[in-house]
Amino acid sequence: METGNGDAVANAWGHVRGNLRRSAGQRLFDQWLKPVELIRESSEAEIRLGLPSDFMAQWVRNHYAERLLLEFRAVLPSVETVCIETVSNTLPAQRVLHAGDNDTRPPAGGESSTFDPRFVFDRFVVDASNRVAFNAARKLAEPGVPQFSPLFLHSATGQGKTHLMHAIGQAFLESNPRATAIYMPAERFMFEFVRALKAKDTIAFKARLRGADLLMIDDLQFIGGKDVTQEEFFHTVNEFMGAGKRLVIAADRAPQALEGFVPQLAGRLGSGLVADIRPPELELRRAILQRKLDEMPDVAVPEDVIELLAARITSNVRELEGALNRLVAYAQLNGEAITIDFAVQTLGEVLRHVQRRITIDEIQRAVSAHFDLKQLDLISERRAVAIARPRQIAMYLAKRLTTRSLPEIGRKFGNRDHSTVIHAVRRIEDLRGKDGEIDGAVRTLMRKLEG
């Protein structure tokens, strides 16, 4: 394939490619990023990158679209978009990075983002773990005066926050075609604000964002500790709330648990509707895989392979879908049928990563050390809060990180009834959304146990 239409673009691509090789690691780079090539028609405003299959192009879009834009802009500030396409496909390139595209503006004027057409409400698989967030997102997208704003979505990475935000944007514009909606990651908010500061052009930056009817900021945790950016964001939040306009924020934890955030901003974000998305249970994981396969009518994946993926990849929807995409892509590229042996061979590293069995004894040791208790305290009859709360956290982690049944978990905690375990799990789930200290402790313990 021929490369770009100028030394500046070609040199920028060489620089970006080198950074990706260093940051991604050799294995990931060789499998997914090495095949990426610069397309001849690229310009200093629009970079076009090609891959040999739809699955590979989609994977790079999902995982590296934002990174590619930021990397190119660091070398060529004139870059507005990065398009990732399938080189064998005759369809026009999909524009995957959107704030700033001039051809996406609605007839009435202001700028709107281009939303991913895959991420709509009808394609979001719902169960108890995400139903509140889903219903809140649909409600916010409806016409008329919003019942609440901001909507704050929080969960671990890859659980569907971005899907819901794109769905809100598309549904809102469908019912309000002359409105404007902007979606951007917090990292880009910071990048564009700092650039406006340096250019002494913050008025235009403020006007562009605050003029939108719907503003959505993703991955808010990335501006933790960035005081100047937080101050500007605080003013933006106040403007939207004061005007009664729609604002959606997503982060990896609840507002009160965000690290490096000023209390005023965290309090403001928590004044709307805060909705969490919990990791998917087995039935939801099966349903997600089946929904994906319904969209691939020419792909045959045996039931035992679906069960393997659903049972072994438990914490992250994005990782689950990525494993299925990788499996299908490898089968198509190699001309092989998908079998259980092929799945184990292809996804060996992914499956080994999630295979390590965490024991309840390990959990009890980790919780005891974290709270400076004796392990015996967790199985004792003592009910003081200083012991009861860590005990509930340990039960919650045992339910989340092991395959043990509720009665088995109860027996490991001093022969307690399974109803006690259920109460503990529900109590900690509730506290994680309200108490930043509890949520932080759970996250720290999970990282330690899973690492």
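This is a short tour of a predicted model, with a suggestion at each stop for what to select and a note on what is there.

**Stop 1: helix H1**

Begin by selecting residues 7–24, which form helix H1. At 1.5 Å a residue, these 18 residues should span 26 Å, and the C-alpha atoms at the two ends are 25 Å apart, so the expected and actual lengths agree. Now colour the buried residues of H1: Val9, Ala12, Trp13, Val16, Arg17, Gly18, Asn19, Leu20 and Ala24. Step just past the end of H1 and you reach Gly25, where phi is positive at about 90°.

**Stop 2: strands E2 and E3**

Next, select residues 81–86, strand E3. How many of its six residues are buried? Six of the six are, so the strand is mostly covered under the cut-off of under 20% relative accessible area. Show the side chains: Thr81, Cys83 and Glu85 point one way, while Val82, Ile84 and Thr86 point the other way. That pattern fits a general habit: in a regular strand the side chains alternate between the two faces of the sheet.

Add residues 46–51, strand E2, which pairs with E3 in the parallel sense over six bridges. To find one of these bridges, look at Glu46, whose partner in E3 is Thr81. Then bring in helix H3, residues 54–75: E2, H3 and E3 together make a right-handed β-α-β unit.

**Stop 3: the sheet of five strands**

Move on to an open sheet of five strands, in the order E5-E6-E7-E4-E8 and with parallel pairing. Strand E5 (181–185) and strand E8 (273–276) are at the edges; each has a single partner strand, so one side of each is left without a neighbour in the sheet. From one strand to the next, the twist averages 15°.

Inside the sheet, select strand E4 (residues 151–154) and strand E7 (residues 246–251), a parallel pair with four bridges. Here Phe152 has Ile249 in E7 as its bridge partner. Now show helix H6, residues 186–198, which packs on the sheet and touches E5 and strand E6 (214–218). The direction of H6 makes about 95° with that of E5.

**Stop 4: a cis peptide bond**

Zoom in on Ser149 and Pro150, where the peptide bond from one to the other is cis, with omega near 5°. Pro150 sits in the loop between H4 and E4. In general, most peptide bonds are trans.

**Stop 5: two residues in helices**

Select His163 in helix H5, residues 161–175. Is His163 buried or exposed? Its relative accessibility is 14%, so His163 counts as buried. Leaving out residues up to four places away in sequence, His163 touches Arg118, Phe119, Val120, Arg123 and Phe124.

Then try Asn135, in helix H4 (residues 131–141). Asn135 has 42% relative accessibility and therefore counts as partly exposed. For a distance to check in your viewer, take the C-alpha atoms of Asn135 and Ala181: the two residues are 46 apart along the chain, and these atoms are separated by 20 Å.

**Stop 6: the nonpolar cores**

Which residues have the most contacts inside the largest nonpolar core? They are Val301, Leu309 and Ile338, in a core of 29 residues. The elements giving two or more residues to this core are helix H10 (282–294), helix H11 (303–312), helix H12 (317–334), helix H13 (340–346) and helix H14 (348–355). H12 provides the largest share, eight residues.

Centre the view on Val301: beyond its neighbours within four places in sequence, Val301 is in contact with Leu293, Ile306, Leu324 and Ile338. A second, separate core has 27 residues, among them Phe115, Phe121, Leu140 and Ala275. As a general background, nonpolar side chains tend to be buried together in soluble globular proteins.

**Stop 7: two loops with positive phi**

Finish with Asp372, in the loop between helix H15 (360–370) and helix H16 (375–379). Phi of Asp372 is positive, near 55°, although the residue is not a glycine. With a relative accessible area of 71%, Asp372 is exposed.

The last selection is Asn415, in the loop between helix H18 (406–412) and helix H19 (418–432). Asn415, also not a glycine, has a positive phi of about 60°. Asn415 is exposed, with a relative accessible area of 64%. For context, most residues other than glycine have a negative phi.

Notes:
Residues numbered from 1 in each chain as written. Predicted model: local features only at pLDDT ≥ 70, side-chain atom pairs only at ≥ 80, totals over all residues. Heavy atoms only, no water. Expected span 1.5 Å × (residues − 1). Buried < 20%, exposed > 50% of the residue type's maximum accessible area, 1.4 Å probe, protein only. Pairing = 2+ DSSP bridges. Right-handed = clockwise from strand over helix to strand, strands pointing away. Axes fitted to C-alpha atoms, helices over the stretch in contact; angles between N-to-C directions. Contact = heavy atoms within 4.5 Å. Core = buried A, V, L, I, M, F, W, Y, C linked by side-chain atoms within 4.5 Å.
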